[in-house]
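I open this notebook to keep track of what I looked up about aromatic rings and cysteines.

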Amino acid sequence: MANFTHFNDDGRAKMVDISNKNETARKAIARSSIQMNQIVYENITQQKIKKGDVLSVAQVAGIMAAKQTSSLIPMCHPIPISGVDLSFEWVHTDKEMYELLIDAEVKTVGSTGVEMEALTAASVTALTVYDMCKAVDKSMVIGQTYLLEKSGGKSGDYKR
């Protein structure tokens with residue numbers, strides 16, 4: 001268990017003590033995606049979804065999710081988030097399929113990183129798109145969610 005920081009000497013769960021870590025500027029960018037057919041894509045881009053502006057609502061959901069990560073993931077520290085930004089990019093994958101790429105960037109100045117906050121924001125954004133569009137088509141597929149990059153902290157920078 002020596003390699004796992006979230007276990008105590010008895011092998012039980014613990015929250016890592018970050019009280020002696022230096023505060024640094026930290027940033028993480030995570031990506032998720034959701035694939036959909038042309039009908040759902042057109043309904044989103046032409047703002048015909050009855051629940052409202054899908055991307056605006058999903059963006060707010062992602063921001064809220066980043067701020068609530070420590071309530072959802074048991075060993076995450078509640079941290080002061082300096083900023084959250086979500087961006088969207090459409091990819092036409094084949095003749096009738098589209099993929100919405102979702103990038104979530106989260107920043108803080110603190111003693112621990114914001115990777116989990118970025119991953120949570122990207123995930124909840126994709127889930128919100130699904131929720132808002134499932135009446136049109138339930139076959140949408142939420143894609144892989146992963147860390148694109150992070151900076152700051154003792155472990156240094158990372159880029160996928």
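I began with the rule for ring pairs: rings of Phe, Tyr and Trp (its six-membered ring) pair if their centres lie within 6.5 Å, and planes under 30 degrees apart count as stacked, over 60 as edge-to-face and the rest as tilted. I kept in mind that this is a predicted model, in which local features need pLDDT of at least 70, side-chain atom pairs count only at pLDDT 80 or more, and totals for chains, interfaces and linings use all residues. I also noted that residues are numbered from 1 along each chain as its sequence is written, and that side-chain values use heavy atoms, with hydrogens and water left out.

How many aromatic pairs did I find by this rule? The count is two. In one, Y41 and W90 meet edge-to-face, with 4.8 Å centre to centre and 85° between the planes. This pair joins distant parts of the chain, since Y41 sits in helix α1 (residues 38-45) and W90 in strand β2 (residues 81-94), 49 residues apart; helices (H or I, at least four residues) and strands (E, at least two) are DSSP runs, numbered from the N terminus.

The pair of Y41 and Y98 is stacked, at 3.8 Å centre to centre and 0° between the planes. Here Y41 in helix α1 is linked with Y98 in strand β3 (residues 97-110), 57 residues apart. I therefore recorded Y41, W90 and Y98 as one aromatic cluster.

For accessibility I used these limits: buried means under 20% relative accessible area, exposed over 50%, and partly exposed in between (1.4 Å probe, protein chains only). W90 is partly exposed at 25%, and Y98 is buried at 11%.

Turning to cysteines, I found C76 buried at 12% and C133 buried at 0%. A disulfide is a pair of cysteine sulfur atoms within 2.5 Å, and the count by this rule is zero.
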